[in-house]
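Good morning, everyone, and thank you for making time for this. Please have a look at the sequence and the model as they come up, and then we will go through them together, step by step.

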Amino acid sequence: MTRRLVLALVVVCALVAACSGADQASREAIAALSVQATTTTTAASSPTTAPSCTNPTASLAPQGPLPTPGNMPAGSFMAAIQKRGRLVVGVDQTTLLFGYLNPQDGQIEGFDIDMLRQVAKAIFGDDGQNENTRLQFVAITAAERIPFVQSGQVDIVADTMTINCARDQQVDFSSVYYDAGQRILVPDNSTITSSADLGGQRVCAAAGSTSIQNVLDTGITGAKSPAIPVSVDQWADCLVALQSGTVDAISTDDTILAGLAVQDPHPDFVRFVNGVLQQMRTDGTWTAIWNRWLATAGLGPPPPPPAATYRD
């Protein structure tokens with residue numbers, strides 16, 4: 001099995017009402033990039049065992065300046081992508097503002113999508129912005145994120161996703177590019193006012209996410225009894241269930257998938273993507289993307305981009 005890089009989003013607490021008590025194992029990833037490299041298009045390095053996990057959000061540091069777009073280093077995974085002529089990306093198409101299929105023009109758009117456009121631009125040049133020629137979108141569910149990366153069906157995944165030690169042994173994550181906490185969504189007339197009220201309530205989450213496990217954990221939520229989990233394929237299905245009264249709440253966190261630690265790393269792509277992210281932090285691109293998608297969504301002015309954490 002090959003070790004992949006996962007470009008994910010990072011959420012920093014288990015539930016919004018229990019952020020201060022969330023430990024590292026329960027912290028979520030809403031904004032990091034999940035990037036992967038396929039062994040079918042580039043030579044795999046020797047199998048290695050992932051290092052012991054003390055900080056799963058620590059990624060691989062960029063090495064030197066980014067290569068010139070259109071001139072990726074020979075033998076790198078980026079060179080294989082350049083030769084193919086397109087970057088194959090796994091995305092959510094049901095999350096407004098982050099990854100969403102706009103019904104008016106049929107285009108996938110959002111914060112995560114713009115992050116991927118920057119990666120494509122760094123590989124191919126200015127025409128990397130043209131999703132019709134340089135970005136190949138693959139719509140995936142929460143449960144498909146890691147399997148699609150591991151199997152090589154996509155080069156990279158950008159989606160709301162938990163970064164934790166279990167996943168860190170399955171895929172490689174980029175540095176964090178957005179911090180958010182797991183939250184619960186309820187109707188405005190609901191009696192649920194905090195995570196402590198979730199005991200015995202029907203809580204919806206996408207299959208393959210850690211959200212349900214977190215709300216079942218009364219030690220995290222502060223509830224006197226566990227919630228009743230209701231899983232669906234897509235987050236949009238949770239919204240329909242909430243509107244119809246089939247569930248009492250929705251929780252938006254991500255899964256811990258089982259896996260083994262012995263995998264083939266492709267560190268060049270991880271470092272390249274982290275170089276792109278670092279450039280976006282410093283040249284104003286990250287702030288511009290925030291303003292485009294989130295400034296009018298009640299999230300306030302753009303904060304400083306999350307600082308990268310590297311393990312080397």
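Let me begin with a question: in helix H10, which residues are buried? Helix H10 covers residues 285-293, and the buried ones in it are Thr285, Trp286, Ile289, Trp290 and Trp293. If you look down the axis of H10, these buried residues fall within an arc of 140°, so they line one face of the helix.

Before I go on, I should say that this is a predicted model, and everything I describe should be heard with that in mind. As for the overall picture, the protein has 10 helices and 15 strands. It has 312 residues, and 51% of them count as buried. If we take the contacts between residues at least 6 apart in sequence, 78% of these join residues at least 24 apart.

Let us turn to another helix, H1, where the buried residues are Phe77, Met78, Ala79, Ala80 and Ile81. What lies over them? The cover for these buried residues of H1 includes strand E4, which spans 87-91, together with H2 and helix H9, which spans 267-283. After H1 comes Gly85, and its phi is positive, near 95°.

H1 also leads us to the salt bridges, of which a search of the whole structure finds 6. In one of them, the side chains of Arg84 and Asp155 meet at 2.5 Å, N to O. Arg84 belongs to helix H1 (residues 77-84), while Asp155 sits in the loop between helix H4 (145-151) and strand E9 (156-160), so this pair ties together parts that are 71 residues apart in sequence. Are the two partners buried or partly exposed? Arg84 has 25% relative accessibility and therefore counts as partly exposed, whereas Asp155, at 1%, counts as buried.

A second salt bridge joins the side chains of Asp114 and Arg117, at 2.9 Å, N to O. Here the partners are 3 residues apart in helix H2 (residues 111-124), which means that about one helical turn separates them. Asp114 is buried, with a relative accessible area of 6%, and Arg117 is buried as well, at 13%.

The third salt bridge that I would like to show you is formed by the side chains of Arg311 and Asp172, which meet at 3.9 Å, N to O. Where in the chain do these two residues lie? Arg311 is in the segment after H10, and Asp172 is in strand E10 (residues 171-180), so the pair ties together parts that are 139 residues apart in sequence. Arg311 is partly exposed, with a relative accessible area of 37%, but Asp172 is buried, with a value of 3%. Returning for a moment to the previous pair, Asp114 and Arg117 are joined with Arg292 into one network by salt bridges that share partners.

Arg311 and Asp172 will also come up in my next topic, the cavities. How many cavities of 30 Å³ or more are there? The count comes to 2, and the second largest cavity has a volume of about 30 Å³. The residues that line this second largest cavity are Pro56, Ala58, Ser59, Asp168, Asp172, Phe173, Val270 and Arg311. Sorted by class, the lining has 4 nonpolar, 1 polar and 3 charged residues.

I will finish with two single residues, taken one after the other. Pro67 is found in the loop between strand E3 (48-49) and H1, and it is partly exposed, with a relative accessible area of 24%. When we leave aside its neighbours within four places in sequence, Pro67 is in contact with Met72, Pro73 and Phe272. The C-alpha atoms of Pro67 and Ile123 are separated by 8.4 Å, and these residues are 56 apart along the chain.

Ala139, the other residue, is in strand E8 (residues 135-139), and it is partly exposed, with a relative accessible area of 41%. Which residues does Ala139 contact, leaving aside its neighbours within four places in sequence? They are Val91, Gln93 and Glu144. Between the C-alpha atoms of Ala139 and Val157, which are 18 residues apart along the chain, the separation is 9.9 Å.

Note on methods
Residues are numbered from 1 along each chain as its sequence is written. This is a predicted model: local features need pLDDT of at least 70, side-chain atom pairs count only at pLDDT 80 or more; totals for chains, interfaces and linings use all residues. Side-chain values use heavy atoms; hydrogens and water are left out. On a 1 Å grid over the protein atoms alone, a cavity is a set of points where a 1.4 Å probe fits but cannot get out, and a pocket is an open set with protein on both sides within 12 Å along at least five of seven lines; lining residues have an atom within 4 Å of a point. Grid points are joined across faces, edges and corners, and a volume is the space filled by probe spheres set on the points. Ala, Val, Leu, Ile, Met, Phe, Trp, Tyr, Cys and Pro count as nonpolar, Asp, Glu, Lys and Arg as charged, and the others, Gly among them, as polar. Buried means under 20% relative accessible area, exposed over 50%, partly exposed in between (1.4 Å probe, protein chains only). Helices (H or I, at least four residues) and strands (E, at least two) are DSSP runs, numbered from the N terminus. The arc is that of the directions from the helix axis to the C-beta atoms. A salt bridge is a side-chain nitrogen of Lys or Arg within 4 Å of a carboxyl oxygen of Asp or Glu. Contact means heavy atoms within 4.5 Å.
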